[in-house]
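Student: I would like to go through this model with you and ask how each label is earned. Could we take it one term at a time?

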Amino acid sequence: MLLNAPKDPVVALPQAPSVTYVDAPGPEPTPGETTPAAPSPSRVAMPVPAGYQRVSGPNGLVTAIPQGWVVTRSSGPAAMQATDPTDPARYVRYGGAPAPAAGLLESHLDYERTFAAAHPGFVRLSLGTTTYHGTQAVDWEFEHDLAGGGRRHAHSMYWRSGGVEFFIYAAAPAARWAETEPVYDTLVDQTTP
């Protein structure tokens, strides 16, 4: 019977528009030019999705997190964490630190070996290269057992720009990943550089 019970209406609260500016491609070459003009970025507004707020991270990273999530410094270098206030086991991390000397994929394959050894029940779901904002990136998704029981699901992306390795990361109990995955997808869509 509860499945057929009427649901309370969802009331949308008015929000002030929130925008940030990101670099857009420069002007097209002038007709007749043999070499393209050097790119000169222009600024364009990128709207924040409903239910999200714009935040800044270390080394110029900008992203959007769910409204009301609590932002703190994370344990990693140059990293921030935003935690769901209703479930501290759901959180996102984002930031950027000087890139290590090792190649992007190689450094994450090495890190995965160390991480897997320290986390019982570790299972790689994917780890490979992709393109993110026109640059090579590593996409890594995995699960592992939690000390108190259950499993954690995590998905992350790493890319380098200007000598900095940036990242976005979302984690949740595996049973709640379906509702956390859209948060990760918003990080992917909204993060710059």
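Student: Why is Asn59 called partly exposed, rather than buried or exposed?

Tutor: Good place to start, and keep in mind that this is a predicted model. The relative accessible area of Asn59 is 43%. Buried needs a value under 20% and exposed a value over 50%, so with 43% Asn59 counts as partly exposed. Asn59 sits in the loop between strand E3 (52-56) and strand E4 (62-66).

Student: What is the phi of Asn59?

Tutor: Asn59 has a positive phi of about 60°, although it is not a glycine. His133 also is not a glycine, and its phi is positive, about 50°. You will find His133 in the loop between E8 and E9.

Student: And what makes His133 partly exposed?

Tutor: The same test applies. His133 has a relative accessible area of 45%, and because partly exposed covers the range between 20% and 50%, the label follows.

Student: Why is Ser156 called buried?

Tutor: Its relative accessible area is 0%. The cut-off for buried is under 20%, so Ser156 meets it. Ser156 is part of strand E10. Setting aside neighbours within four places in sequence, Ser156 is in contact with Val138, Asp139, Trp140, Ile168, Tyr169 and Tyr184. As for Tyr169, it is 13 residues from Ser156 in sequence, and their C-alpha atoms are 4.1 Å apart.

Student: How do you know that the length of helix H1 agrees with its number of residues?

Tutor: Helix H1 covers residues 104-118, which is 15 residues. At 1.5 Å a residue they should span 21 Å, and the end C-alpha atoms are 22 Å apart, so the two agree.

Student: Which residues of H1 are buried, and what puts them on the same side?

Tutor: The buried ones are Leu104, Ser107, His108, Glu112 and Phe115. They cover an arc of only 140° around the axis, and therefore lie on the same side of H1. There is a general reason behind such patterns: an α-helix has 3.6 residues a turn, so residues three or four places apart point the same way. On the other side of H1, Arg113, Thr114 and Ala117 are exposed.

Student: What do the buried residues of H1 pack against?

Tutor: Four strands: E8 (123-132), E9 (135-145), E10 (151-161) and E11 (164-173).

Student: Which elements line the largest pocket, and how much space lies in it?

Tutor: About 550 Å³ of space lies in the largest pocket. Gly76, Pro77, Tyr111, Tyr158 and Phe167 are the closest to its centre among the 24 residues that line it. Strand E7 (91-98), H1, E9, E10 and E11 each give two or more residues to the lining. The largest share, five residues, comes from E7. By kind, the lining divides into 13 nonpolar, eight polar and three charged residues.

Student: What is the order of elements in the whole protein?

Tutor: From the N terminus on, the order is β-β-β-β-β-β-β-α-β-β-β-β-α. That gives two helices and 11 strands. Of the 193 residues, 39% are buried.

Student: One last point: where is the cis peptide bond that involves Pro193?

Tutor: The bond runs from Thr192 to Pro193, and its omega is near 10°. Pro193 belongs to the segment after helix H2 (177-190).

Notes: Residues are numbered from 1 along each chain as its sequence is written. This is a predicted model: local features need pLDDT of at least 70, side-chain atom pairs count only at pLDDT 80 or more; totals for chains, interfaces and linings use all residues. Side-chain values use heavy atoms; hydrogens and water are left out. The expected span of a helix is 1.5 Å times one less than its number of residues. Buried means under 20% relative accessible area, exposed over 50%, partly exposed in between (1.4 Å probe, protein chains only). The arc is that of the directions from the helix axis to the C-beta atoms. Contact means heavy atoms within 4.5 Å. On a 1 Å grid over the protein atoms alone, a cavity is a set of points where a 1.4 Å probe fits but cannot get out, and a pocket is an open set with protein on both sides within 12 Å along at least five of seven lines; lining residues have an atom within 4 Å of a point. Grid points are joined across faces, edges and corners, and a volume is the space filled by probe spheres set on the points. Ala, Val, Leu, Ile, Met, Phe, Trp, Tyr, Cys and Pro count as nonpolar, Asp, Glu, Lys and Arg as charged, and the others, Gly among them, as polar.
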